[in-house]
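Here's a quick walk through the fold, going from the overall numbers down to a few individual residues. Have the model open while you read.

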Amino acid sequence: MKDTGKLGLKNNIWTSGIPLENKEVARKAVEVSKGGFIAVHLDTLNERIYQMLHKGNPHRQIQAILKGVENVQNFGKSPDEMINCITFTKPVFQDIQRTIQYFYETWGMRTCLTQMCVTGLATDHKEWAPSIEEIKKACDIRDSINYPTSPYSFSSMDTNKYYCGNMICVTVNGDVTPCSVIRKSVGSIHETPLDEIIQKHRDELLWILLRVPKNLPGYCSQCENNEVCWGCRAAAFYDKGDSCGTDPKCYRNI
């Protein structure tokens with residue numbers, strides 16, 4: 001991985017978690033993510049539900065992810081710099097509380113709820129999209145376990161606007177995007193240096209338009225949480241094709 005520290009950047013690693021079962025991979029991940037975080041992806045501890053959502057052996061994959069978490073923490077990564085990412089779907093709703101509680105109580109890790117966007121393989125399973133009521137219930141469960149004293153709540157996606165507005169994503173293929181969920185590339189690091197891509201597409205990558213409160217879409221402009229949240233840009237992008245539009249997954253968006 002490129003030494004982005006020289007550019008004044010930090011590396012955050014979003015991964016399935018399975019590669020971290022390899023101790024050398026885990027060690028390197030901890031090394032290059034100093035000051036950043038490592039996210040693993042385990043939607044559910046229930047093997048039956050997991051098999052509905054993923055290919056391969058559910059028992060083997062779940063155990064590999066948990067071993068990866070153990071390896072990363074053994075190499076010194078603080079639980080406060082780790083996240084378990086759940087792609088929140090209707091099937092996952094059945095096991096959401098147990099999974100969030102397990103990661104918090106067993107590994108000291110909080111959970112990020114990534115709302116299902118109907119794209120890629122998900123286009124064949126539109127019935128998996130959770131209802132607004134299920135999203136609200138899942139967010140309430142997450143808040144009660146992970147953030148019991150916080151006055152704020154993210155109603156659709158767990159990342160706040162300060163994170164989204166100060167990060168970029170480089171995919172495994174080298175594509176540069178404004179978000180790890182939005183797969184709309186503005187350039188490839190295999191063709192153009194990263195710093196040049198950032199300078200050329202700065203406004204799009206860092207959501208400069210939405211930093212002005214009056215430009216926030218829909219209910220976001222008056223929401224009690226807009227000090228820290230501006231809705232999920234990925235949900236807006238996949239719903240209407242406009243990443244600066246209103247968030248259709250937010251239960252506060254009346």
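The accessible surface of the protein (Shrake-Rupley method with a 1.4 Å probe) adds up to about 13200 Å², and 51% of that belongs to carbon and sulfur atoms. Keep in mind that this is a predicted model, where local features need pLDDT of at least 70, side-chain atom pairs count only at pLDDT 80 or more, and totals for chains, interfaces and linings use all residues. Residues are numbered from 1 along each chain as its sequence is written, and side-chain values use heavy atoms, with hydrogens and water left out.

**Overall picture**

The protein has nine helices and seven strands; these are DSSP runs numbered from the N terminus, with helices being H or I of at least four residues and strands being E of at least two. How does the radius of gyration sit against the globule rule? For 254 residues a compact globule would come out near 18 Å, and the protein has 18 Å, which agrees. That radius is taken over C-alpha atoms, and the rule is 2.2 Å times the number of residues to the power 0.38. The C-alpha trace spans about 45 × 45 × 40 Å along its principal axes.

Of the 254 residues, 48% count as buried, meaning under 20% relative accessible area (1.4 Å probe, protein chains only). As for contacts (heavy atoms within 4.5 Å), take those between residues at least 6 apart in sequence: 66% of them join residues at least 24 apart.

On charges, there are 30 positive and 29 negative side chains, and the centres of the two sets lie 2 Å apart. Lys and Arg count as positive and Asp and Glu as negative, with His and the chain ends not counted; each charge is placed at NZ of Lys, CZ of Arg, CG of Asp or CD of Glu.

**The parallel sheet**

One open sheet has four strands in the order β1-β2-β3-β4, with parallel pairing. Its edge strands are β1 (13-14) and β4, each pairing on one side only. Two strands pair here if DSSP finds at least two bridges between them. Strand β2 (residues 38-41) pairs with β3 over four bridges, while β3 (residues 82-88) pairs with β4 over six. Six of the seven residues of β3 are buried, so that strand is largely enclosed by the rest of the structure.

Thr-111 sits in strand β4 (residues 110-115). At 1% relative accessibility, Thr-111 counts as buried. Leaving aside residues up to four places away in sequence, Thr-111 touches Ile-83, Asn-84, Ile-86, Ile-100, Arg-142, Asn-146 and Asp-158.

**The antiparallel sheet**

The other open sheet to look at has three strands in the order β5-β6-β7, paired antiparallel. Its edges are β5 (169-170) and β7 (187-188), each with a single partner strand, so one side of each is left without a neighbour in the sheet. Two bridges join β6 (residues 175-177) to β7.

Here are some of the residue pairings across the two sheets:

| Residue | Partner | Partner strand |
|---|---|---|
| Ile-38 | Met-82 | β3 |
| Ile-86 | Leu-113 | β4 |
| Phe-88 | Gln-115 | β4 |
| Asp-175 | Ser-188 | β7 |

**Helices and a loop**

Ala-26 is found in helix α1 (residues 23-32). Is Ala-26 buried or exposed? Ala-26 is buried, with a relative accessible area of 0%. Apart from residues up to four places away in sequence, Ala-26 touches Leu-20, Asn-71, Val-72 and Phe-75. Ala-26 and Leu-194 are 168 residues apart in sequence and 25 Å apart in space, C-alpha to C-alpha.

Towards the other end of the numbering, the loop between α8 (202-205) and α9 holds Trp-207. Phi of Trp-207 is near 55°, a positive value in a residue other than glycine. Trp-207 also counts as buried, at 4% relative accessibility.

In helix α9 (residues 233-240), the buried residues include Arg-233, Ala-234, Ala-235, Ala-236 and Phe-237. Just after α9, Gly-241 takes a positive phi of about 85°.

Note on methods
Buried < 20%, exposed > 50% of the residue type's maximum accessible area, 1.4 Å probe, protein only.
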